[in-house]
Each structure stands twice: as C-alpha cells, then as structure tokens.
Amino acid sequence: MKKNWLIGKKAAAYVMAVILAGSLSLSGNEAGLQASSAYFSMVETEITLMVGETDFIEVNLMPDISYTEKSLTWSSSDSSVVSVDTEGIITGMAEGEADITASMPDGSSEICHITVSGYMNETDDPDWDSDESEVGDPDDYSETPPFTSLTIPKQVTIYTKETYFMELSYEPQEADEETITWQSSNPNVAEVDESGLVTALKTGTVRIIAMTPNNITATCTLTVQKPQIKLEKSKAKLKVGKKIRILATCSPDTVPTFKSQNKAVATVTAKGMVKAKKKGKTVIVVKANGVSKKFNVTVVR
C-alpha cells in the first residue's frame, strides 16, 4: 500500500511540472515578447503626427552586416490609424494610436509607437463646421484640383556645401505646386526648404520626401560626398626650359587654381602649364572646392 502511494505522489509531481512548463510557455507567448534586432535600431521609438501628415521612420544600421535598409519589411498594427509603405514612410489616417514594426529577414524587429492627433486640414475634422469658416468674396475664390501623381528624381549625388534644386513633375498641371511640402530624413546631412532647394551639409545619405496635401509622396535618395580632385599624374621630372600641363578633374566640376611653392624652380599658369626654370624641386598646389592636391616637380639640367 505504501508503494502505490509513492507512485501516485511521483505521478502527481510530474503532472504539475508539465502544467507549470506549459503555463510559463503560454504566458511568454501571450506577453508578445519582441526580439530586438542586432542589425538595426530606430532613431525614434515614439512619433506624434496629425491626420493627413506624413513622416519618415529613420533607422540606424549596425556596421559590417549583410543586410541593408531594403531588407526591412514594414507593417502597421492598425493601418486605419497610420499607414506605412515599403520605405518606412508613415501617414496619419485617423486619430488614435498604433505600432509600426520594422523586421529583418532573421525575424528580429523594432517597434515605433505612433500617436495620431489633430488634423492637417480642418475640413477633414468630423467636427468641422463649414458655417464657421470665413466667408470671402466668391470672385476671389479659385479651387485647384487634387494631385493624382508626383515624381522627383529617384537618386541624386551632390557634394558638401553644394545646393541642388529638386525638380518635380506632377499631374494634373492645374494642381497647386506651392502646397507641396518637403522633408529631409536627416537635416544634419542635408536640409531642404519649402521650395525643394537642398543644401548639403556633410557627407552621408538621406531621403528627401515631397508630399502633397492629399497624401501622395515621392522620395529621392540623396548622397552627399566630399569634393574631390583627381590628377592624371602626381609628379614630373623636367629639364630646364621644358613645360608640362597639369591635368586635373574636379568633382563637382569647377576650374582649379594652381600655385608654385618655389617659382624660382618652376612656374605655373592659371591653366596649369608648368615651366621648369632651374635645377631643384618644388610643389605645385592644385585647389578646388575647398580641397587641394600636390603635384611634385623635379627640375634637372
């Protein structure tokens, strides 16, 4: 009788262990535990915008990884509150709260909590009363049609301290271009004003986003590089009286300046023509767009 009691006690303990393990597993799933990503992080984890407003969720990729931003997939927990496209551009659709999730192919992900509050256009507000709006002279009122399409360059490369006017095309032509708004995903790298004029501030890559009042967007990937000078040759050996032209390619394209550090050994013209004067060595400094290169000259008899 004692033996049967021990067997029953062990069986009960086993059953309790199985139930406890199942309970722990279930509670973990119900909690919706989120595996944070080792490949990227979100710059902002909370964003507030208005109905009709568009914004961009910026991410920082970790160095030396095989994934790119194009590897990310985006989803909204409630697309009726906030929608998101394949590039992380979000649009407020209705007042409320929702989570935007960015996921890597390995299954890891990050979440940005979005709060949509208020209205970009007062006429979108269900409580808006047209009787309270200003009544003007009907002859002074001209309604423009809504945008149906919007296009800007897909990719552009410019250089630090350079400006670039973002060209755009849209339909219909009667739509009001001045109602288009502009945004940079990283104003520290490049900023854009209300007319679409981009100013490059430092090297890096940003997205320039154009947005219409009726939530049509267009995106340009803008790369900012340092100005460069490339010399066809970096040195020359000349006999006294001989000449050579320095061939330089500048990015962005501009006319470089030339200066000899020892004019007694060799001189140089404004067009880069070097003339050997007497035996010795000197350096011709080539400058353009705030950067410089050295061209070494050795003069022999």
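## Reading a predicted model, one feature at a time

Tutor: Let's open with a contact: Arg207 and Glu69 make a salt bridge, with 2.8 Å between their closest N and O atoms. Keep in mind that this is a predicted model.

Student: Where do Arg207 and Glu69 lie, and why might the pair be worth a look?

Tutor: Check the elements on both sides. Arg207 belongs to strand 17 (residues 204-211), while Glu69 sits in the loop between strand 4 and strand 5, so the pair ties together parts that are 138 residues apart in sequence.

Student: Is Arg207 buried or exposed?

Tutor: The cut-off for buried is under 20% relative accessible area. Arg207 comes out at 14%, so Arg207 counts as buried. Glu69 is partly exposed, at 31%.

Student: How many salt bridges does the rule give?

Tutor: The count is one salt bridge.

Student: OK, on to backbone angles. Which phi value should I look up for Asp64?

Tutor: The thing to look for is a positive phi in a residue that isn't glycine. Asp64 has one, with phi near 60°. You'll find Asp64 in the loop between strand 4 (59-61) and strand 5 (73-76). With a relative accessible area of 83%, Asp64 is exposed.

Student: And what is phi for Lys161?

Tutor: Near 70°, again a positive value in a residue other than glycine. Lys161 is in the loop between strand 11 (155-159) and strand 12 (163-165), and Lys161 counts as exposed at 78% relative accessibility.

Student: What about omega? Which residues does the cis peptide bond with omega about -10° join?

Tutor: For cis bonds, read omega and then see where the proline sits. That bond joins Glu171 and Pro172, and Pro172 lies in the loop between strand 13 (169-171) and strand 14 (181-184). The peptide bond from Ser251 to Pro252 is cis too, with omega near 0°. Pro252 is placed in the loop between strand 22 (248-251) and strand 23.

Student: Since strand 23 came up, which of its residues are on the covered face, and which on the uncovered one?

Tutor: Go through the strand residue by residue and sort the side chains by face. In strand 23 (residues 257-260), Phe258 and Ser260 make up the covered face, with Thr257 and Lys259 on the uncovered one. Look up Lys259, which lies in strand 23: its relative accessible area is 58%, so Lys259 is exposed.

Student: How many bridges join strand 23 to strand 26?

Tutor: Four, and the two strands run antiparallel, with strand 26 covering residues 280-288. To get the register, pick a residue and find what it faces: Thr257 stands opposite Lys287 in strand 26.

Student: What separates the C-alpha atoms of Lys259 and Val283?

Tutor: The separation is 8.3 Å, for residues 24 apart along the chain.

Student: Last one: the surface. Which residues gather in the patch of negative charge?

Tutor: The idea here is to look for like charges that cluster on the surface. In this model Glu177, Glu178, Glu191, Asp193 and Glu194 gather in such a patch. Take Glu194 as the example: the loop between strand 15 (190-192) and strand 16 (197-200) holds Glu194. At 74% relative accessible area, Glu194 is exposed.

Note on methods:
Residues numbered from 1 in each chain as written. Predicted model: local features only at pLDDT ≥ 70, side-chain atom pairs only at ≥ 80, totals over all residues. Heavy atoms only, no water. Buried < 20%, exposed > 50% of the residue type's maximum accessible area, 1.4 Å probe, protein only. Pairing = 2+ DSSP bridges. Patch = residues over 30% accessible without salt bridge, like charges linked within 9 Å, V, L, I, M, F, W, Y side chains within 5 Å. Areas by Shrake-Rupley, 256 points an atom, 1.4 Å probe, with all protein chains shown as cover. Salt bridge = Lys/Arg side-chain N within 4 Å of Asp/Glu carboxyl O. Lys, Arg positive; Asp, Glu negative; His and termini not counted. Charge placed at Lys NZ, Arg CZ, Asp CG, Glu CD.
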